Amino acid sequence: MIKKGRGMATVYYPTGFNGGGDPDLVSLRIKTDGTIDMTNASCEMGQGFKGVAIQMAAEALGIPETFFTIDNSNTDTAAFSMDTAGSRSTYIVGLAAISAAEDLIKKIKVFAAGSLGVDISELKYEAGKIFKASDPGSSMTLAQIGAASTYGGTFIIGVGGFLPPPGPPRDPETGATIPSRSMAWGSTVVDVEVDDETGVVEVVNLYDCYDIGTVINPLMAEGQVDGGDIQGIGMGLFENLSPYFPQNIDIYASNYTDYIIPTFMDIPKHSEIEFIQKHDPFGPFGAKGCGEMVTNTQAPAIINAIYDAVGVLVESLPATPENVLRLIDKKNKAEKKVA
Amino acid sequence: MDLCRKEVSKMFNSVGKRVPRYDGIGHVTGRTQYVSDVRMPDMLTCKTLRCPYHKARIKSIDVSEARKSSGVYAVITKDNVPHNLFAMVPDHHVLAEEITRYKGQNIAAVAAVSREAALDALAKIKIEYEELKPVIDPEEAIADGAPQVRPEGNNHLFDGTSLVRKIRRGNVEEGFKEADFIVEGRYTTPSQEHAPMETCCSVAYLDASGKLVIHSKAQGLYFAQGDLANVFQLPLNKLKFVGGTIGGGFGGMNSIHTDHIAGLLALATGKPVRFALTREEETLFSTIRSPWIFKIKDGIRKDGVITARHVEVLHDCGAYTELGLYAVEKNANLIAGANLIKNLAVDSRMVYTNKMPSGSMRGFGVNVGQYAEQVQLDRLARAVGISPMEIRFINAFHVGDKNHTGNELASVSTIETLQKVAAMSGQKLPEKYLAMSSDK
Amino acid sequence: MSVMSRILKFYLNGNLVHVAAGEADTLLDVLRDGLGLTSPKCGCNHGDCGACTVILNGYSAKSCTILALTAEGKNVWTVDGLANGDKLHPVQRAFHEYGAPQCGYCTPGMVMAAVAFLNHYPSPTESEVKEALSGNLCRCGGYKKYVQAVMAAARGEFGPLPEGSVENV
Amino acid sequence: MREYEYHAPESFESLVNLASGDGAEVRFLAGGTDLIPRISAEKNQIPYEKKLPMRIIYLGTLGLDKVTEEGERVTIGACCTLSSLLENEIVKTKMPALRDALSEMAGVSIRNTATIGGNIMNASPAADSVPPLLVLDAVCALRSASGERRVSLAEYFTGPGKTVAKPDEVLVSITVKPGPGGSSFKKLGRRKAETLSVVNAAVYLELRDGFCQSARVAVGSAAPTVVRCVDVEQALVGKKIDEGVVREASLLVTKAISPIDDIRSSAWYRARVAPIMVARAVLTAAGRKRG
């Protein structure tokens, strides 16, 4: 028989390397037509780093994203990045980009002051234009700045970095330390259907609510959550390289036939995502890390839902049909004994 | 930094926009180039000899016939590696020393004109093993008299002295006394593979200036560059990493699987060398999310407040540290979950076994613990007779609380996410929970 | 060691090509190594993942499971032949606009599987789309947006689907 | 490294000459969805042993891809792709068990390539097309230099990966008798698509006034070959089919199977769920009217 159950899980997750101390740099080079080359060597592995980094730089400079290209391709030309891990890229590259944008504006002001013959204190930068506050007609666009500076022998490159403050050394007795200043939060509710004759579990509905601070690009953030859901379902229900571990380590999955990851057919029939955008006081534009936390709630929520459905607790992941059925049998046997 | 202080999202122009993927057109047209798409003129193919045993002693190895094999440009073993240690905690051998510690550990590598030539050469390597007794089960590995995975022992010593990484807050014994119910649970998680669609791959060559260039799947190009500069004993201006667009990482590409060997063979041959893992190699021999065991003992009052928690963690790190230690540290910080627990003790251990090393994987060190913790939390709720929602509201963190390592929490929203997810899933919450807020 | 090879002739994206193929080479080997295409990806070389999906005589096929020499005289389409200059196929546009690809490694195969499917079933239901694409794995987890995108393409949100068989795309 | 040679004979006469072997390991290639990845894997292994050259003989140019109906019998060409059979009206209307099995095999792209003959010749105990064909009393036609012989599918498999076909014999067609009864197929995999069976079951049932006149039951992935479950069949025949009877009879499946532990499942689980899959298949078949 198909038994329905509902389960939930609530988590939080730090942004950036454990204990901080993981710097990144961003450079912004203005070209002769006013477009901008951004560099940072974070890795684009599908999370949407490149576009999100550009959106934050575009925001900081008040210009459209179409002004930018981004180079993350190698260690000779792209600015330093510590790593692409720990849900750090949006946050740390974003803060570095803001810092680089500020540096760029400062350098643009210095150049424009000379070009326009205006005191630097009188200049204002807004949305791709530098102008004299009291006489907005006296102005230069980014294109004019780019051309005049380059052909005049001055190169304008804004550079900025960000270093998450390293936490204090861990106290060996209490373990106290500061893993991260910024934490993301989330809760998930899932509805499952459990076939109590075979132990097969199906995730029917999945509701995610995450606070990742300001969402820089909802399309990319949703993609992260969709992927988190799928990997969370895989972790909860399917994935195990050596199902007979530790008794037998030699029966081992070696390809996608045997290492089962979710397919199109294994995604929930219905899923919803909501973001709570609670401003983070430290993050770029209030953003926090997103990438990893969004795969943490599904497995426990599924296990709790299985309990709700059939009254058995899966204490060893994953909840394969076999594991679930063994527990159901055990429970039925115990109940029979009591009766 | 005024620019990051904008409070109202409406004020943003670019931030918050649904901008399609920057490299999306490349993806849908197939024009995006990944490392596995890189081809160079005159490129050699690399294949490696891997240890067939969980643990063995290499009594002798003779590569002379392999070197003479048709189409072969280089055969390397540990003797050809300038500095044979790598990884975040540099205790992993690029090519095995006398003792191999996990099945599939690289022992020798060949660069040849074709895959066939490389494999033919590997077949000609004469190697004599003495199979040694391995230890696979982490709980067996911590026992006295267990076969030793490493000469310094199977247990990792934290801060060089302690068997456990401790987190202590309040007084756990007092907390248990205060409790109406004591609830215990034991939870385990298995080995998991990252399974990115693109397997790990490197193409290494010397450029015109003599610089070693490595097209890499690394998630951190600079990270890998720093690590391998040491292996190659090259200054950073003689080593360039190229990459930044990869077919999935999920943490697996924080560990080096092919860059080191491809680089060594490019240096040895002066030719471009490609080393790509097959799916089978990727699944069997690359780093994984390694197994964990959690024992949680909780005290809870009738009103649903968790009064004390004691967690014992055992992480099965595999044969080399790789990122296992980092995972244990991060896990220890977060294993008590998004709950304010005043009396807490965490004792985390890490043990070496004869398996592939523990890498980082999305949710790194944390989601395994959160599975245990969140399942335990429902158990607590059942013991007290409250709902899963209630126990999470009752124990939620608030702004200004310090978490379990003394980290002051600036932006908190357990309560808000619970309220929202309840509404989304059609659960009616009692008024008192709807009225709650993370801002005290 | 003698690796025999022959000249294989087939139509690649509408053009007749001649290429040397080993007797045991897969179609994927020939497309990537023989012809230098990089759009069909190798994810597993085992027929499991679908990253190498092409359209063979009008039907989707995993090119790592096809012995190259059996493609003699046949029509093979890869994603390279789909767009008309800058004008993308509606499925490509839908995938992009809906944010379906993430790392993108499964995407060329996914595009070809979806195009072949829509050629045969232009008005599918969501569950038919899921079933049709279930042989194409995506580890980043873009399944939901891929389904939305295929449905949008089928609805004509990105213009009418090209008429007729894939050969005429 | 092993040598491979490829041939695509256009007539049986030329095939027969090639199939004689003479110093080569002969492999017939139909769709290739199993054989080709196996060759690719072999090409990535260190060649410690010298192997005979592999002679790959392609069957796709021999016209073995037709479905024909003759009286009560339907003959399926061995090179029919799984997709073409799924679309075939005869299969759809007269062989629901086979149709159900085909629809759950691999994914669309593999079904477009893979053939029914290939699935049989692989002789995997988990082959999904075999249990339905077995309950439809399939007979295989094998052709070689010495002519054609017919072997009942029930006697076709001798072990995992092994059949009675001699190295030079080609499976050319499978003939089934759809019969007047209802048939069904149930599969338990490890996920909902692209999965090999942990256990599968197919049933053919003839009922009159609710009483079972005739029953054929086959279970896959639970023994070295797909097996007929005679005890279950006997327990059903003559009984009025209701859930209780079916459940009870299905338990007898354990007499026919001998499952093992492997990466996909344990022997315990296979034995535990085999009766359930059988019961479900029987009940579904009982609810199906041919037509």
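Angles under 35 degrees count as roughly parallel, over 145 as roughly antiparallel, 65 to 115 as roughly perpendicular, and the rest as oblique. The model is predicted: local features need pLDDT of at least 70, side-chain atom pairs count only at pLDDT 80 or more, and totals for chains, interfaces and linings use all residues. Residues are numbered from 1 along each chain as its sequence is written, while chains are lettered from A and ligands numbered from 1 in the order in which they are written.

**Exercise 1. Classify the packing of α6(B) and α7(B).**

Step 1. Locate the helices. α6 of chain B covers residues 221-232, and α7 of chain B covers residues 259-269. Helices (H or I, at least four residues) and strands (E, at least two) are DSSP runs, numbered from the N terminus.

Step 2. Take the geometry. The two helices pack at about 45°, with axes 11 Å apart. Axes are lines fitted to C-alpha atoms, for helices over the stretch in contact; angles run from 0 to 180 degrees between N-to-C directions.

Step 3. Classify. α6(B) and α7(B) are therefore oblique to each other.

Step 4. List the residues that meet. α6(B) brings A224(B), L228(B), V231(B) and F232(B); α7(B) brings D259(B), H260(B), G263(B) and L267(B). Contact means C-beta atoms, placed from the backbone, within 7 Å.

Step 5. Sort by class. This contact has five nonpolar, two polar and one charged residues. Ala, Val, Leu, Ile, Met, Phe, Trp, Tyr, Cys and Pro count as nonpolar, Asp, Glu, Lys and Arg as charged, and the others, Gly among them, as polar.

**Exercise 2. Trace the five-stranded sheet of chain C and its helices.**

Step 1. Write the order. The open sheet runs β2-β1-β5-β3-β4 (chain C), with mixed pairing. Strands pair if DSSP finds at least two bridges between them.

Step 2. Find the edges. β2 (15-22) and β4 (59-62) of chain C each have a single partner strand, so one side of each lacks a neighbour in the sheet.

Step 3. Add the twist. Neighbouring strands are turned by 45° against each other on average, direction ignored.

Step 4. Check one pair. β1 (residues 5-12) and β5 (residues 75-77) of chain C run parallel, joined by two bridges. Y11(C) stands opposite N75(C) in β5(C).

Step 5. Place the helices. α1 (residues 27-34) of chain C packs on the sheet, touching β1 and β2 of chain C, at about 105° to β2(C). α3 (residues 107-120) of chain C touches β3 (53-56) and β4 of chain C, at about 35° to β3(C).

**Exercise 3. Do the same for the sheet of chain D.**

Step 1. The order is β4-β5-β10-β6-β7 (chain D), an open sheet of five strands with antiparallel pairing.

Step 2. β4 (67-70) and β7 (147-152) of chain D stand at the edges.

Step 3. Neighbouring strands are turned by 25° on average, direction ignored.

Step 4. β6 (residues 139-144) and β10 (residues 170-176) of chain D pair over five bridges. C140(D) has I174(D) as its bridge partner in β10(D).

**Exercise 4. Describe the contact of chains A and B.**

Step 1. Count. Chain A gives 106 residues and chain B gives 96 residues.

Step 2. Find the main contributor. α1(A) supplies the largest share of chain A's side, eight residues.

Step 3. Sort by class. Chain A's side divides into 55 nonpolar, 34 polar and 17 charged residues.

Definitions and conventions: Two residues are in contact if their C-beta atoms, placed from the backbone, lie within 7 Å.
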